[in-house]
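Please look through the sequence and the predicted model shown here, and then follow the path below from one residue outward to the sheet.

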Amino acid sequence: MGSLQIMLEDLFRRLEVDYVFPPRSSSQALSLGAAISPELACLPLKITLGNMIQGLRAGADTIVMMGGWGPCRFGYYSQIQKIVLKRAGYKFKMLTVEPPSRGLSHFTSPFKFLAPGISTRALWNIVRRSFQKGRAVDLIEKACLQNHCYVTEKNKLAQLKKQTLYLIDRAESKNEINEALRVGLKTIDSLKTEDKQPVLKIGIVGEFYLLLEPFVNFDIENYLGSKGVYLERSVYMSDWISPSGKNVVGGHRQKEIEKLADPFLSQWVGGEGQVTIGHTISFAKRDFDGVIHLLPFTCMPELIAQSILPAVQRQYDIPILTLVVDEQTGRAGVVTRLEAFIDLLLARKNEMLLRN
Ligand code: SF4
């Protein structure tokens, strides 16, 4: 999922675990997963199931999967995937890493199984270092996303991002990670062209997996950036993992976002349902021209958000485009809708300028 691999590879390397990563998510992974998934399961379950099949075929004998809790289905992904894969004849051990907030031992026990004899303190130090790397990756992603529209040489930016992520990946110590991050951010900033201004400002909200994995969201960030649109995204991987709720990368504390959502949705409904509402309001208050809402077909938290967003749209006068994605969705359809949305936002902006 997205650049998560850099952080996980660092973690397993430091734990001295022999690991296999499946290839990047692709239509092959999706078809493999969808072929044996329950039909109405949400898209991330199907594609991660396909990733698992590819990992097992590449020689893995153990699967490490995140756990969770609450009304969204993510909390029982690993159980369902284990049953479905066993039924399909695969032999493996499934380890589920529960969030630390559920109790430290639920979080540490899978790692202690993988690295027998490691102390909790040593494990924690390793997790912290790998997490630092995950955060550095997110900060680079954010800088590239937000600077895309100001850069004339888009290829150079893509190349620089790749190089910086490589340097972060290779870094060992805290200082090396910080140095790779510092140099990367400085160079990305230097690519900005003074006279280039964004044609529009759009915020992207929605379900976590869909926001972070370019294969399933049809790489819409790159597409919109290439059209000169300034973009901000509501969720970053390291913010999502961190239990602090400070959202250091995204820049908006969890409490602040929940407070904004409160008049429309006053409780957590699982996944990013409430966060989607809060961030949409935050974008509207910061004069964004529009919001794109991404949700996987049958995703319960985002369906709740979708049913509330028209009220937010009316109250804050901000256009919202919702894109529902499943394994049948094609890139051409998504691009057509994005083009139409951009045209609509530009026409609206021009009309407002004329009126003022
Ligand atoms: S947030 Fe939605 S798509 Fe993601 S796991 Fe939960 S129910 Fe499925």
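Leaving aside residues up to four places away in sequence, Leu224 touches Ile202, Val229, Leu231 and Leu338. Leu224 itself is found in helix H10, which covers residues 220-226. Because 22 other C-beta atoms lie within 10 Å of its own, and 20 or more are needed for a residue to count as buried, Leu224 is classed as buried. A further residue to locate in this predicted model is His148, which is 76 residues from Leu224 in sequence, while the C-alpha atoms of Leu224 and His148 are 9.1 Å apart in space.

From here the path leads to the strands. Strand E3, made of residues 200-206, pairs with E4 in the parallel sense, and 5 bridges join E3 and E4. In this pairing, Ile204 has Arg233 in E4 as its bridge partner.

E3 and E4 belong to an open sheet of 4 strands, whose order is E4-E3-E5-E6 and whose pairing is parallel. Strand E4 (229-233) and strand E6 (320-325) each have a single partner strand and stand at the edges, so one side of each is left without a neighbour in the sheet. From one strand to the next, the twist averages 25°.

A helix completes the picture of this sheet. Helix H14, formed by residues 300-316, lies across E3, strand E5 (290-296) and E6, and the helix runs at about 160° to E5.

Technical notes. Residues are numbered from 1 along each chain as its sequence is written. This is a predicted model: local features need pLDDT of at least 70, side-chain atom pairs count only at pLDDT 80 or more; totals for chains, interfaces and linings use all residues. Two strands pair if DSSP finds at least two bridges between them. Helices (H or I, at least four residues) and strands (E, at least two) are DSSP runs, numbered from the N terminus. Axes are lines fitted to C-alpha atoms, for helices over the stretch in contact, and angles run from 0 to 180 degrees between N-to-C directions. Two residues are in contact if their C-beta atoms, placed from the backbone, lie within 7 Å. A residue is buried if 20 or more other C-beta atoms lie within 10 Å of its own, exposed if 12 or fewer, and partly exposed in between; C-beta atoms are placed from the backbone.
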